[in-house]
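Here are my notes for a colleague who is new to this entry. Please read them with the model open beside you.

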Amino acid sequence: MKAIYPGSFDPVTFGHIDVICRSSRIADELIIGVLNNNAKSPLFSLEERVKMLEEVTKDYHNVKVVPFEGLLVDFAKNMKADIVVRGLRAITDFEYELQMAQTNHKLEEEVETIFLTTRLEYSYLSSTIVKEVAAFGGDISQFVPETVRQRIQEKMDERRRV
């Protein structure tokens, strides 16, 4: 079974890594689909996000990182994926994710979505929160791997210099 775990991963957090770890045990092959969304202005470029994900997943032998843009169902078909994995933190996530899963299923009946609830210790965690804490000089080491923390710090230092 081939699965896709899509997202923007700007930046990748311990919550994302938890879902990656758990879904890599379910699927024979897990593709982390890194979305290039022109409607957003990410902290990290698509290439930087792909590189960070490759670094933090290097020990997962059935995981590969692939950038994409456009519809998730088209990406899933191109990758010959059986399922899409989505992480849920709270009931508000479920409402949105259910709507997206139903839309994707309507667009492409062969694409199924499974939901993994986050571990309790990550239920509050989002990339947005990480960026906000970092922007105000807070300690984000409990939210992201050290290599990611260093990259975020570099980005924040660049912004302060401008």
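1. **A salt bridge within helix α6.** E146 is partly exposed, at a relative accessible area of 41%. Its partner is R149: the two side chains meet in a salt bridge, 2.7 Å from N to O. R149 is partly exposed too, at 22%. Both residues belong to helix α6, and because they are 3 residues apart there, about one helical turn separates them. Please keep in mind that this is a predicted model.

2. **A salt bridge between distant parts of the chain.** Helix α6 also supplies K155, which pairs with E48 of helix α2 (residues 46–56). The two residues are 107 apart in the chain. In space, the closest N and O atoms of this salt bridge are 3.1 Å apart. How exposed is each partner? E48 is partly exposed, with a relative accessible area of 27%. K155 has 15%, which is under the 20% cut-off, so K155 counts as buried.

3. **Other charged pairs.** How many salt bridges does the structure hold? The total is 11. One joins the side chains of D93 and R89, at 3.0 Å from N to O. Here D93 is buried, with a relative accessible area of 15%. R89 is partly exposed, at 34%. Elsewhere, salt bridges link K2, E29 and K64 in a network. As background, side chains of opposite charge can pair when their charged atoms come close.

4. **M156, next along helix α6.** M156 sits in this helix, which covers residues 146–161. Is M156 buried or exposed? At a relative accessible area of 6%, M156 is buried. Look also at G137. Its C-alpha lies 8.6 Å from that of M156, and the two residues are 19 apart in sequence.

5. **Aromatic pairs.** A search of the whole structure finds 4 of them. Take Y5 and F9 to begin with. Their ring centres are 5.3 Å apart and their planes stand at 75 degrees, so this pair is edge-to-face. Both Y5 and F9 are buried. Now compare F68 and F75. Here the centres are 4.3 Å apart and the planes are at 10 degrees, so the pair is stacked. F68 and F75 are both buried as well.

6. **The loop between β1 and α1.** Please check the backbone here. F9 lies in this loop. Its phi is near 50 degrees, a positive value in a residue other than glycine. F9 has a relative accessibility of 3%, so it counts as buried. P11 is in the loop between β1 and α1 too. A cis peptide bond joins D10 to P11, with omega at about 5 degrees. For context, most residues other than glycine have a negative phi, and most peptide bonds are trans.

7. **Another positive phi.** K80 is not a glycine, yet its phi is positive, at about 55 degrees. This residue lies in the loop between α3 (72–79) and β4. Is K80 buried or exposed? K80 is exposed, with a relative accessible area of 64%.

8. **The largest pocket.** Its volume is about 1100 Å³. The lining has 42 residues, and those closest to the pocket centre are P6, G7, S8, R86 and E97. Which elements give two or more residues to the lining? They are β1 (2–7), α1 (14–26), β4 (83–88), α4 and α5 (127–135). Helix α4 gives the most, with 9 residues.

9. **A nonpolar patch on the surface.** I91, F94 and L98 form this patch. Together they have about 250 Å² of accessible area. I91 is placed in helix α4, which covers residues 91–107. With a relative accessible area of 59%, I91 is exposed.

10. **Where to look again.** Three places deserve a second visit with the model open. One is the cis peptide bond between D10 and P11. Another is the salt bridge between E48 and K155, which links distant parts of the chain. The last is helix α4, with its 9 residues in the lining of the largest pocket.

Technical notes:
Residues numbered from 1 in each chain as written. Predicted model: local features only at pLDDT ≥ 70, side-chain atom pairs only at ≥ 80, totals over all residues. Heavy atoms only, no water. Patch = residues over 30% accessible without salt bridge, like charges linked within 9 Å, V, L, I, M, F, W, Y side chains within 5 Å. Areas by Shrake-Rupley, 256 points an atom, 1.4 Å probe, with all protein chains shown as cover. Salt bridge = Lys/Arg side-chain N within 4 Å of Asp/Glu carboxyl O. Helix = DSSP H or I, 4+ residues; strand = E, 2+ residues; numbered from the N terminus. Buried < 20%, exposed > 50% of the residue type's maximum accessible area, 1.4 Å probe, protein only. Phe/Tyr/Trp six-rings, centres within 6.5 Å; stacked < 30°, edge-to-face > 60°. 1 Å grid on protein atoms, 1.4 Å probe; cavity = no way out; pocket = protein on both sides within 12 Å on 5 of 7 lines; lining within 4 Å. Points joined across faces, edges and corners; volume = space filled by probe spheres on them.
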